[in-house]
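Visitor: Please take me closely through one part of this model, and tell me how its pieces are placed against each other.

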Amino acid sequence: MYTEKVMDHFRNPRNVGVIDNADGVGEVGNPVCGDMMTFYIKVKDHTITDVKYQTFGCGAAIAVSSMISELAIGKTLEEASHLTNNMVAEALGGLPEQKYHCSNLGADALHKAIEDYLSKHSDTLLKKENKQGINTTNENGREK
Ligand code: FES
């Protein structure tokens, strides 16, 4: 029923835990089964340098969390925000059809952690973009 990869990530989940001073935190729950995931990210220079998570859920949800943490580390925020549920399921060699909904939680929790980071750092990012020469004023010299 489960692929070897799913079983491996379920039995030996990677990157489990909490990042105390995380740069972004995302929490999601599935109201149908009651499973929950919280993702923590560390960000440096617009790149995800660490991911940890706490998953209270089924075996597929644990394997999905583990896999998405591996996929996200080292990616830029933009690249990581394009990771989809299908990509996670594919990286695990597939999930049984009735377990596909479990893969939604992983991508959603990661995306929420990224949104949380961006909401806290929008000022910093804007200043950085300005320094890099991105023009934020219109032709009259006013802020766009
Ligand atoms: S059964 Fe709830 S996430 Fe898998």
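**The loop after the first helix, and what surrounds it**

Guide: N15 lies in the loop between α1 and β1 (24–29), where helices (H or I, at least four residues) and strands (E, at least two) are DSSP runs, numbered from the N terminus. This is a predicted model, in which local features need pLDDT of at least 70, side-chain atom pairs count only at pLDDT 80 or more, and totals for chains, interfaces and linings use all residues. Residues are numbered from 1 along each chain as its sequence is written.

Although N15 is not a glycine, its phi is positive, at about 60°. N15 has 18 other C-beta atoms within 10 Å and is therefore partly exposed, a class that falls between buried (20 or more other C-beta atoms within 10 Å of a residue's own) and exposed (12 or fewer), with C-beta atoms placed from the backbone.

On one side of this loop is α1, residues 4–11, which packs against α2, residues 59–72, at an angle of about 85° and with the two axes 8 Å apart; axes are lines fitted to C-alpha atoms, for helices over the stretch in contact, and angles run from 0 to 180 degrees between N-to-C directions. That makes α1 roughly perpendicular to α2, the term for angles of 65 to 115 degrees, whereas those under 35 count as roughly parallel, those over 145 as roughly antiparallel and the rest as oblique. From α1, the residues V6, H9 and F10 meet G59, A60, I62, A63, S66 and M67 of α2, a contact requiring C-beta atoms, placed from the backbone, to lie within 7 Å. Six residues of this contact are nonpolar, three are polar and none is charged, taking Ala, Val, Leu, Ile, Met, Phe, Trp, Tyr, Cys and Pro as nonpolar, Asp, Glu, Lys and Arg as charged, and the others, Gly among them, as polar.

On the other side of the loop is β1, which belongs to an open sheet of three strands in the order β1-β2-β3, with antiparallel pairing; two strands pair if DSSP finds at least two bridges between them. β1 and β3 stand at the edges with a single partner strand each, so one side of each has no neighbour in the sheet. From one strand to the next the twist averages 15°. The antiparallel strands β1 and β2 are joined by six bridges, and G26 has F39 in β2 as its bridge partner. Finally, α2 returns to the picture by lying across β2 and β3, running at about 175° to β3.

Methods
Two residues are in contact if their C-beta atoms, placed from the backbone, lie within 7 Å.
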